[in-house]
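Let's walk through this protein together, starting with the chain as a whole and then stopping at a few places along the way. Keep the structure open beside you as you read.

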Amino acid sequence: MTQALRLAAQGLYTTQPNPRVGCVIVKDQQLVGEGAHLKAGEAHAEVFALREAGAAAKGATAYVTLEPCNHHGRTPPCVDALIAAGVARVVVAMQDPNPLVAGQGIKRLQAHGVEVVSGLMQAEAIALNPGFIARMTRALPYVRCKVAASLDGRTALKNGLSQWITGEAARLDVQHWRAQSCAIITGSGTLLADNPSMTVRLPHMLRQPLRVIVDSRLQTPPDCQMLSANMLPASPVLIAYASDAQHKIAALTAAGAELLYLPDVETPNTASSGRVDLRALLHQLAARGVNEVWVEAGQGLNGALLAAGLIDEFVFYYAPKLMGSAAHAMFAMPELTNMQQLTELQILDLRQFGPDIRLRAKPLVSI
């Protein structure tokens, strides 16, 4: 199963919107076939492994990181392929959260006399596909919020300057996180201050994530870098907005952006803020097959996502620098008046990139 998980990780940047899955086939304590699902529309991991195993698959044991599918999607059911090959035993790391599968694959295997064991290295399998699991179980993507800051928790000088707080090694690590995400979200504040491109700048990248701008009042300049003509055609831009007082829809559409009108809804007890409904935006992204979202924004959007409980994981990059209390904070938040209002975090990982420290943490209460 460890080898199957390694194979699954080969699809870290490419399988979206599908999950990352690996399969290993063993007979008489010898590995006879292995495979990974690498791209939506192509064969699944089990099919690749069975092809390599050939006749040796009969009577063998298949180790699969995710329950084999039992439905027709872009490809035929993997359960049928395993049964036809005569596999005697299937060891599954985790049950598929997809309602179309959700235990049905295991039941079909068992109905055809195949022994099934489930739960081996389940935690590791879950860690490979947090976005797919989130999308299938709650119709929301898995949201990571990246913050680059000084040791005193500041993200930009008072005048807005922020390049560069962290060093090259940390910035390269950010590129890998971008690459494995289905969408990158930024806010209009970051766009106007830094004019970023928000693309993945790694060699040999064949896929660019969807780039999303949260821009309540449509302040995005049509000639900004995110919409410039030299951006890859495969890297679309979606702008979520709540009002168009400046009448910029036509110009932004002509520049290649897709516009999504998503104002927060006024209720009998709550007046509309005139801002984008962030939860509705995430639901929309999930409906488009977005599994993992990477947020690179300023304190305004970061604070709004935090206040709405929409952040699953924080990725903090701390540089050994001090910027002072006048500099911008990580999150725009109302003043807290008691300790019970604090956001408590669980630290997941801590490591160093050049002179900088990366700390991954998740809120104890999230979506």
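**A guided walk through the chain**

Thr-166 makes a good place to begin: leaving aside residues up to four places away in sequence, this threonine touches Ala-148, Arg-171, Tyr-317, Ala-319 and Asp-356. You will find Thr-166 in the loop that runs between strand S7 (154-156) and helix H7 (168-180). Although Thr-166 sits in a loop, it counts as buried, because its relative accessibility is 9%. Please keep in mind throughout that this is a predicted model.

Now step back to see the whole protein. The chain carries eleven helices and 16 strands. Along the principal axes, its C-alpha atoms fill a box of roughly 70 × 45 × 45 Å. How does the radius of gyration fit with that of a compact globule? For 367 residues, a compact globule would have a value near 21 Å, and the 23 Å of the protein chain agrees with this. Of the 367 residues, 49% count as buried. If you look at contacts with a separation of 6 or more, 72% of them are between residues 24 or more positions apart.

The surface deserves a look too. The accessible surface of the protein chain comes to about 17400 Å², and carbon and sulfur atoms account for 54% of it. As for charge, there are 31 positive and 29 negative side chains, and the centres of these two sets lie 2 Å apart.

Let's go next to the beginning of the chain. Between helix H1 (2-8) and strand S1 (22-27) there is a loop, and Pro-17 is found in it. The peptide bond that joins Gln-16 and Pro-17 is cis, with omega at about 5°.

Moving on, you reach the loop between S1 and S2, which holds Asp-28 and also Gln-29. What do the backbone angles look like here? Asp-28 has a positive phi of about 55° although it is not a glycine. Gln-29, likewise a residue other than glycine, has a positive phi near 60°. Asp-28 counts as exposed because its relative accessible area is 67%, and Gln-29 is exposed as well, with a relative accessible area of 76%.

Just past this loop comes strand S2 (residues 30-36), where Val-32 has its place. Which residues does Val-32 touch, not counting those up to four places away in sequence? They are Ile-25, Val-26, Lys-27, Glu-52, Ala-53 and Ala-56. To get a feel for distances across the model, find Val-32 and Lys-158: they are 126 residues apart along the chain, and their C-alpha atoms are separated by 61 Å.

The cysteines are our next stop. How many disulfides are there? The count comes to zero. The pair to look at is Cys-69 and Cys-78: the cysteine sulfur closest to that of Cys-69 belongs to Cys-78, and at 3.7 Å it is too far for a bond, since a disulfide calls for sulfur atoms within 2.5 Å. Seen from the other side, Cys-78 is in no disulfide, and its nearest cysteine sulfur is that of Cys-69, 3.7 Å away. Are these two cysteines buried or exposed? Cys-69 counts as buried, because its relative accessibility is 8%, and Cys-78 counts as buried at 1%.

Further along, helix H6 (residues 130-138) is worth a pause. Its buried residues are Pro-130, Gly-131, Phe-132, Ile-133, Ala-134 and Arg-135. What covers them? The cover includes helix H5 (122-128), strand S6 (142-150), helix H10 (278-287) and strand S12 (292-296). After H6 comes Ala-139, whose phi is positive, near 60°.

We finish at helix H9 (residues 249-254), in which Thr-253 lies. With a relative accessible area of 42%, Thr-253 is partly exposed, whereas Thr-166, where we set out, counts as buried. From Thr-253 you can also look across to Ile-239: the two are 14 residues apart along the chain, and 9.7 Å separates their C-alpha atoms.

Key. Residues numbered from 1 in each chain as written. Predicted model: local features only at pLDDT ≥ 70, side-chain atom pairs only at ≥ 80, totals over all residues. Heavy atoms only, no water. Helix = DSSP H or I, 4+ residues; strand = E, 2+ residues; numbered from the N terminus. Rg over C-alpha atoms; globule rule 2.2 N^0.38 Å. Buried < 20%, exposed > 50% of the residue type's maximum accessible area, 1.4 Å probe, protein only. Contact = heavy atoms within 4.5 Å. Areas by Shrake-Rupley, 256 points an atom, 1.4 Å probe, with all protein chains shown as cover. Lys, Arg positive; Asp, Glu negative; His and termini not counted. Charge placed at Lys NZ, Arg CZ, Asp CG, Glu CD.
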